[in-house]
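Hello,

Here is the structure we talked about handing over. My notes on it follow below.

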Amino acid sequence: MANQPIKMDTGNKVLLFIASLALLATVLFLVSHLAGWLAGLQVSQPETVSEERIAQRIAPIGQVTSGRVDAAEEADDLSPGDIYSNVCAACHDSGASGAPLKDDTDEWSNRLNEKGLEGLFENSINGIGAMPARGGDSSLSDEQVQDVVAFMLDEAGVEHDHEPATDDNGNGNGNGDEAAAEGDEPVETTEAGEAAAEEEAEAVSAIVVDEGDVERGQSRYNTCVACHGAQGQGTPVFPALAGRDAEYIADKLVRYRAGETVGDQTALMAPNAANLSDEDIADLAVYVATFED
C-alpha cells in the first residue's frame, strides 16, 4: 500500500512556523549564555611580582626570641588578676581539693571573720591543707600573694582594708628574687638520701602496673580531673599527663606518697597520694596511660 501524504491546513502550518521560531530563539539564547560563561573562564595572565614584594608578603607577623627568663622579674610584670589566672584559677575556679570559689561571698566572709586578713595572708604565703606555699609559685613575693588574696576578696564582694603593693601594671617591690635564689640552692647528697632513694626504687618496683584495672583507675581519677583535666590535658598550673606511660605515672605517685619533694605542686599532691595503696597506684597508672597526647 502506498504511503498517504500528510495534509496540513493553514492553521497547522502557522503553529509549526511559530514553534520553529521559538526553538530557534531558545537555541540562540543558550548559545549566547554559553559564550558568556566560557569568556568568564578565561584566566588573566599573572602579574609580575618583584622579589621584594614576595618577601614582604611571606614575612612573619611577629618574631620570637629566646633567652634566659628570670622568674621573679617575670612575676613582677603581672597584675594580681594575671597571677590569679596563672596560679590560682585551676583550684579556685573549680573548687578542687576544697578550695573556696573566687566569687563565693559567704565562704570568703566567714574565712575573713574567722582568721582575719593577716591570717588569710599567712595561709596563702605558707600554704594550708592541699594548697602549697604561694600557690605553688615560689617566685611570688609576700606582697604579690597578699595582693592576689585581696583580689579574690574583691571579686567575692568582701570588704577589706588591704592596700595593694603593686600597681595596675603589676609592678611591685616584692622579694621574689630572694625566693627564687633560695630555690636555686644545691641539695647535698647524703647516705640517708641514698638510702631513701633505694627505698623509693623498691617501692616503685613493688607496683605491678600490668595488674592495674582501667575501670577502677577511671573511678579513682575523678579526684584528679579538676587539676589535670578529663583527658589529662593539664592546665596553666598543673602539668599534662596525656602521653605518659604507666611506669612514669606510678613512679610519680609513689614519690608523692613517700612525701618526697617532686615539684612545685608537691604540697598539693602529697596529701592526695598519701592514702593510695599499691593497687590504687597501679589502677591510676594504667588508666592515665590511655590518654592520647
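Which residue just after helix 5 takes a positive phi? That residue is Gly-127, with a phi of about 90°. Keep in mind throughout that this is a predicted model.

Confidence first. The mean pLDDT of the chain is 76, and 71% of the residues score at least 70. Residues 172–189 are a stretch where pLDDT stays under 50; for this stretch the model has 18 contacts beyond four places in sequence. I would read the rest of this message with those values in mind.

Overall make-up. The chain has 13 helices and zero strands, so the pattern read along the sequence is α throughout, by the helix and strand assignment used here. Of its 293 residues, 30% count as buried. The accessible surface comes to about 19500 Å², and carbon and sulfur atoms account for 51% of that. Taking contacts between residues at least 6 apart in sequence, 64% join residues at least 24 apart.

Helix 5. This helix covers residues 105–126. A straight helix of 22 residues would span 32 Å at 1.5 Å a residue, yet helix 5 spans only 23 Å between its end C-alpha atoms. Helix 5 also bends by about 95° at Gly-116. Its buried residues include Trp-108 and Leu-112, which precede that glycine in the numbering, and Leu-117, Gly-119, Leu-120, Phe-121, Asn-123, Ser-124 and Ile-125, which follow. The buried residues of helix 5 pack against helix 4 (80–92) and helix 6 (142–156).

Ser-124. This serine is found in helix 5. Is Ser-124 buried or exposed? Its relative accessible area is 14%, and because buried means under 20%, Ser-124 counts as buried. Leaving aside neighbours within four places in sequence, Ser-124 is in contact with Met-131, Pro-132, Ala-133, Arg-134 and Gly-135, and also with Val-145 and Val-149.

Helix 12. Which residues of helix 12 are buried? In this helix (residues 266–273) they are Thr-266, Leu-268, Met-269, Ala-270 and Ala-273. The buried residues of helix 12 pack against helix 4, helix 10 (225–228) and helix 11 (246–257). Helix 4 thus appears in both packing lists, that of helix 5 and that of helix 12.

Regards

Technical notes:
Residues are numbered from 1 along each chain as its sequence is written. This is a predicted model: local features need pLDDT of at least 70, side-chain atom pairs count only at pLDDT 80 or more; totals for chains, interfaces and linings use all residues. Side-chain values use heavy atoms; hydrogens and water are left out. pLDDT is the predictor's confidence in each residue, from 0 to 100. Contact means heavy atoms within 4.5 Å. Helices (H or I, at least four residues) and strands (E, at least two) are DSSP runs, numbered from the N terminus. Buried means under 20% relative accessible area, exposed over 50%, partly exposed in between (1.4 Å probe, protein chains only). Accessible areas come from the Shrake-Rupley method with a 1.4 Å probe; for residues, only the protein chains shown count as cover. The expected span of a helix is 1.5 Å times one less than its number of residues. The bend at a residue is the angle between axes fitted to the seven residues ending there and the seven starting there.
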